[in-house]
Amino acid sequence: MYEQIEAARAVIAARITTTPQVGLILGSGLGALADEVESAVTIPYADIPGFHEPKVVGHRGELAIGTLSGRTVAVLRGRFHFYEGYSMQDVTFPVRVLRALGCDTLIVTNAAGGLRADWQIGDIMRIADQIFLPGMTGHHPLIGPNDERLGPRFPAMVGAFENELVPIAREVAMEQQLTLREGVYCMLSGPHFESAAELRMLRQWGADAVGMSTAPEVIVAVHGGMRVIGFSLITNLALPDGSPANHAEVLEAGEAAKPRFASLLRGILARI
Ligand code: HPA
């Protein structure tokens, strides 16, 4: 694994002259921010050993390294999902590579179903904590021998989402007159949208949003000692008595929220 990370790092490092500080993962429909990266070096995933080609509509596979709001960033446009059949190691490999490139901070984004009847489609939620259900049931990127060069055997997750970026995010949201929700994100493997009984269960567990990504990437970032902040775009309300979710509405809500989401991320980057 270490050698694979190093191989990917070397391919990328050979094409850039900067050291990225902040890694960004842009989820379903949110990839356009990658186009705003200045002086970008764009590397298709196909050119990076260990990376795969995303197959989901709304995900394009490329890494853009350049400047955004004055910070040197490495933007992963498109991610690999567990439900596509990738292993948890595959899903999290790009995070390892960002870390190896020098990123000490990771901003993760995703599209998620809102579990709260008092929230609205298009709301942005800061991930205040997460429930990594696949990980808790044995689908975990850190299962297997632990390489101490990458991180500790038993990383702690309490406090993983509490850092200096939180007050910055709140401040930026306030200045932009954006209602920033905060809540617990629960990752399920998918690919089915949840049944009513599953949604009731998630709510009872204290989850506020549900999705099919992000939690493994966060775990690996924390394992690697990165500072993490995450945001879910509520693309649909996932309520037991509501209408069923569909992928088209997820992409549509992403499209509509793009400018707000982008300016929030830009505002945060400017103050990191
Ligand atoms: N459930 C799971 N994943 C999702 C949803 C949902 O309702 N919306 C966007 N991603």
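The following exercises treat the ligand site and the two largest pockets of a predicted model.

**Exercise 1. Identify the residues that come nearest to the ligand and state which polar contacts its nitrogen atoms make.**

Solution.
1. The shell around the ligand holds 13 residues, and those that come nearest are Ala111, Gly113, Glu194, Gly211 and Asn236.
2. With a cut-off of 3.5 Å between N or O atoms for a polar contact, begin with the backbone. A polar backbone atom of Ala111 is 3.4 Å from a nitrogen atom of the ligand, and for Gly113 a backbone N or O atom lies 3.3 Å from a ligand nitrogen.
3. Turn next to the side chains: Asn236 places a polar side-chain atom 2.6 Å from a nitrogen atom of the ligand.
4. As to burial, the ligand taken alone exposes 260 Å², of which the protein buries 95%.

**Exercise 2. Determine which elements give two or more residues to the shell around the ligand, and describe the composition of that shell.**

Solution.
1. The elements that meet this condition are strand 5 (105-114), strand 8 (209-211) and strand 9 (227-237).
2. Strand 5 provides the largest share, three residues.
3. By class, the shell comprises eight nonpolar residues, four polar ones and one charged residue.

**Exercise 3. Locate the ligand with respect to the pockets and characterise the pocket concerned.**

Solution.
1. The ligand takes up the space of the largest pocket.
2. This largest pocket contains about 320 Å³ of space.
3. Its lining consists of 23 residues; Ala111, Phe193, Met212, His247 and Val250 lie nearest the centre.
4. Two or more lining residues come from each of strand 5, strand 8, strand 9 and helix 7 (247-271). Strand 5 gives the most, with four residues.
5. The lining of the largest pocket divides into 10 nonpolar, 11 polar and two charged residues.
6. Ala111 thus appears in two lists: among the residues that come nearest to the ligand, and among those nearest the centre of the largest pocket.

**Exercise 4. Describe the volume, lining and residue classes of the second largest pocket.**

Solution.
1. The second largest pocket holds about 160 Å³ of space.
2. Its lining is made up of Tyr2, Ile5, Glu6, Arg96, Arg99, Ala100, Arg149, Leu150 and Gly224.
3. Helix 1 (2-13) and helix 2 (88-101) each supply at least two of these lining residues.
4. Sorted by class, the lining of the second largest pocket has four nonpolar, one polar and four charged residues.

Technical notes. Residues numbered from 1 in each chain as written. Predicted model: local features only at pLDDT ≥ 70, side-chain atom pairs only at ≥ 80, totals over all residues. Heavy atoms only, no water. Near = heavy atom within 4 Å. Polar contact = N/O pair within 3.5 Å; in protein donor to acceptor, adjacent residues only side chain to side chain. Areas by Shrake-Rupley, 256 points an atom, 1.4 Å probe, with all protein chains shown as cover. 1 Å grid on protein atoms, 1.4 Å probe; cavity = no way out; pocket = protein on both sides within 12 Å on 5 of 7 lines; lining within 4 Å. Sits in = over half its atoms within 2 Å of the grid points. Nonpolar A, V, L, I, M, F, W, Y, C, P; charged D, E, K, R; others polar. Points joined across faces, edges and corners; volume = space filled by probe spheres on them.
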